[in-house]
Amino acid sequence: MTAQLINGTVLSQQIRADVARRAAALTARGTQPGLAVILVGEDPASAVYVRNKVKACAEAGLHSVLEKYDASLPEADLLARLQALNNDPAIHGILVQMPLPKHINPQRVIETIATAKDVDGYSVQSAGELMAGLPGFRPCTPYGCMKLIESTGLDLRGKHAVVIGRSNTVGKPMALLLLQANATVTICHSATPDLGLFTRQADVVVAAVGRRNTLTAEMVKPGALIIDVGMNRVPAGEPGEGKLCGDVDFAGVSQVAGWITPVPGGVGPMTITMLLVNTVESAERVAR
Ligand code: NAP
């Protein structure tokens with residue numbers, strides 16, 4: 001392996017230590033940062049995610065409430081509960097775990113959360129603030145990717161960054177954050193005919209697709225910085241069957257790249273960390 005590993009677990013620990021210091025200072029002044037996490041239904045992956053978020057809050061000295069509702073919860077009841085949390089001074093961030101049951105409109109839910117408490121950064125207002133370069137909450141996963149890039153010391157000014165994927169939660173905000181950092185940005189997606197044509201020119205590649213081996217060694221410029229957002233499982237019958245893997249062929253690409261994030265231990269831990277950062281930031285704005 002020639003690439004240097006970008007260790008998301010270590011960076012996460014450093015940022016969480018800073019979050020804990022800020023939370024303690026706020027608590028001493030009478031404002032303990034608080035996060036409300038809402039889970040509707042029994043999706044097992046979602047149950048693990050919310051548990052990890054609540055645990056991370058406790059470890060960093062944040063107050064958190066986890067509210068679990070039956071999958072049959074009427075949409076109106078969820079919206080009413082969100083309104084109550086919007087008005088609760090002990091809560092500085094509200095997160096509704098996705099996906100929601102089919103009868104609930106996710107956009108309506110997101111837009112009901114007060115912008116001042118939208119620590120996931122998913123609302124149209126937060127997206128607009130990012131687009132316009134105004135202060136606001138940045139979506140946690142791309143925000144974490146930016147911290148991972150920053151940790152290498154690479155100056156993005158004038159660099160060519162290629163983002164693979166254009167989802168509202170990862171690809172698009174990622175591209176905007178890279179643009180804000182003065183990179184020249186290309187966005188690729190499922191209708192891009194020759195992905196390698198673009199990635200081979202890239203100083204930075206962020207892969208957010210959800211398909212393993214999307215980025216292979218011959219698609220990477222030597223020395224490039226690679227951020228792997230993907231979370232996939234190795235299919236049955238292949239070596240490492242069932243193991244978590246990203247979108248990048250780690251074994252091959254790490255022979256060519258300059259820096260690379262592993263999966264697990266790269267982007268994953270940073271997502272929750274940036275949720276804590278946004279929640280503390282929200283509480284600081286109130287306590288200011
Ligand atoms: P998504 O909404 O499904 O978006 C995937 C994107 O990839 C789409 O824009 C799609 O293009 C594009 N795409 C699909 N096939 C492609 C191909 N062959 N070539 C180029 N682009 C292709 O997924 P997401 O929510 O952005 O998440 C992406 C991945 O990141 C998933 O594996 C997810 O589990 C993971 N993830 C990880 C974290 C973390 O904390 N580690 C957080 C969030 C997401 P179209 O728009 O044209 O369909």
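The expected span of a helix is 1.5 Å times one less than its number of residues, a handy rule to carry into this tour. Helices here are DSSP runs of H or I with at least four residues, strands are runs of E with at least two, and both are numbered from the N terminus. The model is a predicted one: local features need pLDDT of at least 70, side-chain atom pairs count only at pLDDT 80 or more, and totals for chains, interfaces and linings use all residues. Residues are numbered from 1 along each chain as its sequence is written, and side-chain values use heavy atoms, with hydrogens and water left out.

**Helix α6**

Let us put the rule to work on helix α6 (residues 140-151): its 12 residues should span 16 Å, and the end C-alpha atoms are indeed 16 Å apart, so the two values agree. Buried, here and below, means under 20% relative accessible area, exposed means over 50%, and partly exposed lies in between (1.4 Å probe, protein chains only). By that standard, Cys140, Thr141, Pro142, Gly144, Cys145, Met146, Leu148 and Ile149 of α6 are buried. An α-helix has 3.6 residues a turn, so residues three or four places apart point the same way. The cover over the buried residues of α6 includes α1 (8-28), α7 (171-180), β7 (204-207), β8 (225-228) and α10 (267-287); contact means heavy atoms within 4.5 Å. After α6 comes glycine 153, with a positive phi near 85°.

**The chain as a whole**

Stepping back, the chain holds 10 helices and 11 strands. Its radius of gyration is 19 Å, close to the 19 Å that the globule rule gives for 288 residues, so the chain is as compact as a globular protein of that length. That radius is taken over C-alpha atoms, and the rule is 2.2 Å times the number of residues to the power 0.38. Along the principal axes, the C-alpha trace spans about 55 × 40 × 35 Å. Of the 288 residues, 49% count as buried. Among contacts between residues at least 6 apart in sequence, 69% join residues at least 24 apart.

**Cores**

A nonpolar core is a set of buried Ala, Val, Leu, Ile, Met, Phe, Trp, Tyr and Cys residues joined through side-chain atoms within 4.5 Å. The largest one has 48 residues, and those with the most contacts inside it are Val19, Leu62, Ile149, Met174, Leu178, Ile227 and Val229. Helix α10 gives this core its largest share, nine residues. Apart from this core lies another, of 17 residues, including Ala3, Cys188, Val220 and Ala257. Back in the largest core, what does valine 19 touch, leaving aside its neighbours within four places in sequence? Valine 19 is in contact with Ala60, Leu62, Leu276, Val277 and Val280.

**Strand β2 and its surroundings**

Strand β2 and strand β3 (residues 63-69) run parallel and are joined by seven bridges; two strands pair if DSSP finds at least two bridges between them. One bridge partnership is that of isoleucine 38 with glutamate 67 in β3. With helix α2 (residues 44-59) in the middle, β2 and β3 make a right-handed β-α-β unit. Right-handed means that, with the strands pointing away from the viewer, the path from the first strand over the helix to the second runs clockwise.

Valine 40 lies in β2, which covers residues 34-40. Is valine 40 buried or exposed? Valine 40 is buried, with a relative accessible area of 5%. Apart from neighbours within four places in sequence, its contacts are Tyr69, Asp70, Ala71, Leu73, Leu78, Leu100, Pro101 and Ile104. Valine 40 and glutamine 97 are 57 residues apart in sequence, yet their C-alpha atoms are 7.6 Å apart.

**Loops worth a look**

Two peptide bonds in the model deserve a visit. The bond from methionine 98 to proline 99 is cis, with omega near 0°, and proline 99 sits in the loop between β4 (93-96) and α4 (106-112). Valine 263 and proline 264 are also joined by a cis peptide bond, with omega about 0°; proline 264 belongs to the loop between β11 (259-260) and α10.

Three loop residues are set out below.

| Residue | Loop | Relative accessible area |
|---|---|---|
| Asparagine 182 | between α7 and β6 (184-188) | 38%, partly exposed |
| Asparagine 213 | between β7 and β8 | 36%, partly exposed |
| Alanine 90 | between α3 (75-86) and β4 | 35%, partly exposed |

Asparagine 182 has a positive phi of about 75° although it is not a glycine, and phi of asparagine 213 is positive too, near 60°. Alanine 90 touches Gln32, Gly34 and His63, not counting residues up to four places away in sequence.
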